[in-house]
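Student: I am new to this structure and would like a close look at a single part of it. Could you take me through one surface region slowly, and then show me how the rest is arranged around that part?

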Amino acid sequence: MNKRDELIRELSANLETVRPAPAPDLSALAWLFGSALFVVALTHLWGPIRPNALQQLTTQPRFLLETLCGVTAIALTAVVAFRTGVPGALGTGFARTSAVLMIVWLASYVAGLYSPALEPSMLGKRPHCLWETLVYALPPMLAGFMLVRRLHPLRPVKTAMVIGLVSGMVPALYMQIACMYVPAHILLFHVLPGMLVSVIGAAIVWLFLARGN
């Protein structure tokens, strides 16, 4: 036996069977589905949603399109988050598509300042919607961290930022159904705190890594 074969035999002698990491896309969508159920359940436990919101989804095409755009953008961004944990899994085109769709969705509320999808109304106002958005996002974010950590992401702070963004946007999106529909209110009290979760997520992981964990 030559030295090369002997080296291979020694290196492989104590290897243990390792379970393969789950497919990132399936993990992302399963995590997102569980997160959405969690957010919806907590929202309904805290208080009723806007009385006419579900009817508006079926009678106001622009409001429906705005909502579907948000759902699609969040789903694609969730996949991006988990793909960043697998070297070579995230293509530039896919990442750009998800980013563009997220921008288009959020820009629809800016456009709504001048031409809203629905007639602005105080109906359904939730006094603590800003804090609801923040608090509801934290458990899904932490769950996302634990799941994606199994993939050993090469850029964990970036991954955490994207996971935080998705976690924050889920309650931000549902608040346009649960809370009052006023574009300025949506941007300040739903979207802004939802985006803040992205910063919180990145900060948590950065501090965790800085401590040498």
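Tutor: Before we begin, one cut-off is needed: a residue counts as exposed when its relative accessible area is over 50%, and as buried when that value is under 20%, with partly exposed lying in between. Please also keep in mind that this is a predicted model.

The part to look at is Tyr114, which lies in the loop between helix 5 and helix 6 (129–149). Tyr114 has a relative accessible area of 73%, and because the cut-off for exposed is over 50%, Tyr114 counts as exposed. Tyr114 does not stand alone, since Val110, Leu113 and Tyr114 form a nonpolar patch on the surface, and together these residues have about 350 Å² of accessible area.

Helix 5 also has a loop on its other side, where Pro87 lies between helix 4 (61–83) and helix 5 (92–112). Pro87 is exposed as well, with a relative accessible area of 60%, and although Pro87 and His152 are 65 residues apart along the chain, their C-alpha atoms are separated by 9.3 Å.

Turning to the packing of helix 5 itself, we find that helix 5 and helix 8 (residues 183–210) pack at an angle of about 150 degrees, with their axes 9 Å apart. Because angles over 145 degrees count as roughly antiparallel, helix 5 is described as roughly antiparallel to helix 8, and the crossing of these helices is left-handed.

Another packed pair is helix 2 (residues 24–46) and helix 4, whose axes are 8 Å apart and meet at an angle of about 130 degrees. That angle makes helix 2 oblique to helix 4, and their crossing is right-handed. A salt bridge joins this pair too, for the side chains of Asp25 and Arg83 meet at 2.8 Å, N to O, linking Asp25 in helix 2 with Arg83 in helix 4, 58 residues apart. Asp25 is partly exposed at 27% relative accessible area, whereas Arg83, at 17%, counts as buried.

The count of salt bridges comes to two, and another such contact brings together the side chains of Glu132 and Arg126 at 2.9 Å, N to O. Glu132 is buried, with a relative accessible area of 4%, and Arg126 likewise counts as buried at 4%.

Stepping back to the protein chain as a whole, there are eight helices and zero strands, and buried residues make up 42% of its 213 residues.

How values were computed. Residues numbered from 1 in each chain as written. Predicted model: local features only at pLDDT ≥ 70, side-chain atom pairs only at ≥ 80, totals over all residues. Heavy atoms only, no water. Helix = DSSP H or I, 4+ residues; strand = E, 2+ residues; numbered from the N terminus. Buried < 20%, exposed > 50% of the residue type's maximum accessible area, 1.4 Å probe, protein only. Patch = residues over 30% accessible without salt bridge, like charges linked within 9 Å, V, L, I, M, F, W, Y side chains within 5 Å. Areas by Shrake-Rupley, 256 points an atom, 1.4 Å probe, with all protein chains shown as cover. Salt bridge = Lys/Arg side-chain N within 4 Å of Asp/Glu carboxyl O. Axes fitted to C-alpha atoms, helices over the stretch in contact; angles between N-to-C directions. Parallel < 35°, antiparallel > 145°, perpendicular 65-115°, else oblique. Left-handed = near helix turned anticlockwise from the far one by under 90°.
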